[in-house]
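Biologist: Please take a close look at the aromatic rings of this model and describe how they pair.

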Amino acid sequence: MSFLGANRIVPVVVLDDAASAEPLADALVAGGLPIAEVTFRTAAAAGAIARMSRHGGVVVGAGTVTTPDQVDQAVAAGATFVVSPGLSAAVVQRCRFHGVPALPGATTATEIMAALELGVDVLKFFPAGTSGGARAVAALTAPFPQVRFVPTGGIDTSNVREYLDLPSVLAVGGSWMVPRKAIAAGDFAAITVLAAEAVRLTSSM
């Protein structure tokens with residue numbers, strides 16, 4: 001998943017209206033962060049993924065995917081990677097069937113071992129903030145040096161560097177640069193500023 005390492009931060013997006021997808025994509029590109037995980041938390045998700053994927057300038061993934069049917073919907077809409085809050089063999093296998101990378105969630109050694117048995121070695125560490133944070137990721141790296149993590153949940157400008165400083169962390173997921181209220185208000189200029197600030201956080205490391 002080189003596209004994750006190339007960006008280091010993945011905006012986790014909740015869209016209530018698919019019409020916001022194109023201006024949001026423009027804002028992220030302008031801010032230097034051309035990637036988005038559009039979550040399946042609203043009815044607009046598939047339509048938003050389709051519009052954003054047609055934009056052409058953004059790597060678009062689907063998030064909060066919990067069933068094989070949602071994998072089908074996401075891939076049909078144009079998603080190029082699939083993120084799950086937990087580990088589901090059925091979801092991983094459906095992603096493999098479609099030829100798209102799966103990024104399942106795991107926070108325990110047992111879940112990591114199960115993921116490795118499925119051939120998955122890049123994992124979403126979720127919810128990061130309430131599962132031990134960066135210290136937990138560092139501790140899990142010792143027995144699983146082959147695993148790369150994408151911590152998500154409870155991450156913002158105050159603690160993002162704690163995660164990105166860890167060699168085992170490929171990228172982090174966060175929503176602070178794509179606030180739902182700003183999207184709903186059509187304040188995409190603010191999102192461009194927040195995305196640019198997020199990029200500066202990684203480039204200064």
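Modeller: The aromatic pairs are described below, followed by a charge placed over a ring. This is a predicted model, in which local features need pLDDT of at least 70 and side-chain atom pairs count only at pLDDT 80 or more, while totals for chains, interfaces and linings use all residues. Residues are numbered from 1 along each chain as its sequence is written, and side-chain values use heavy atoms, with hydrogens and water left out.

Rings of Phe, Tyr and Trp (its six-membered ring) pair if their centres lie within 6.5 Å; planes under 30 degrees apart count as stacked, over 60 as edge-to-face and the rest as tilted. By this rule there are 2 aromatic pairs. In one of them, the ring centres of F3 and F81 are 5.0 Å apart and the planes stand at 40°, so the pair is tilted. This pair links distant parts of the chain, 78 residues apart: F3 belongs to helix α1 (residues 2-7), and F81 to the loop between α4 (68-77) and β4 (82-83). Helices (H or I, at least four residues) and strands (E, at least two) are DSSP runs, numbered from the N terminus. F81 has 2% relative accessibility and counts as buried, a term that means under 20% relative accessible area (1.4 Å probe, protein chains only).

F125 and F149 also pair, with ring centres 6.3 Å apart and planes at 85°, so this pair is edge-to-face. F125 lies in strand β6 (residues 122-125) and F149 in strand β7 (residues 148-151), 24 residues apart. Both F125 and F149 are buried.

Finally, the charged end of K124 sits over the ring of F126, 4.5 Å from its centre; the criterion is NZ of Lys or CZ of Arg within 6 Å of the ring centre and within 35 degrees of the ring normal.

Terms used: Buried < 20%, exposed > 50% of the residue type's maximum accessible area, 1.4 Å probe, protein only.
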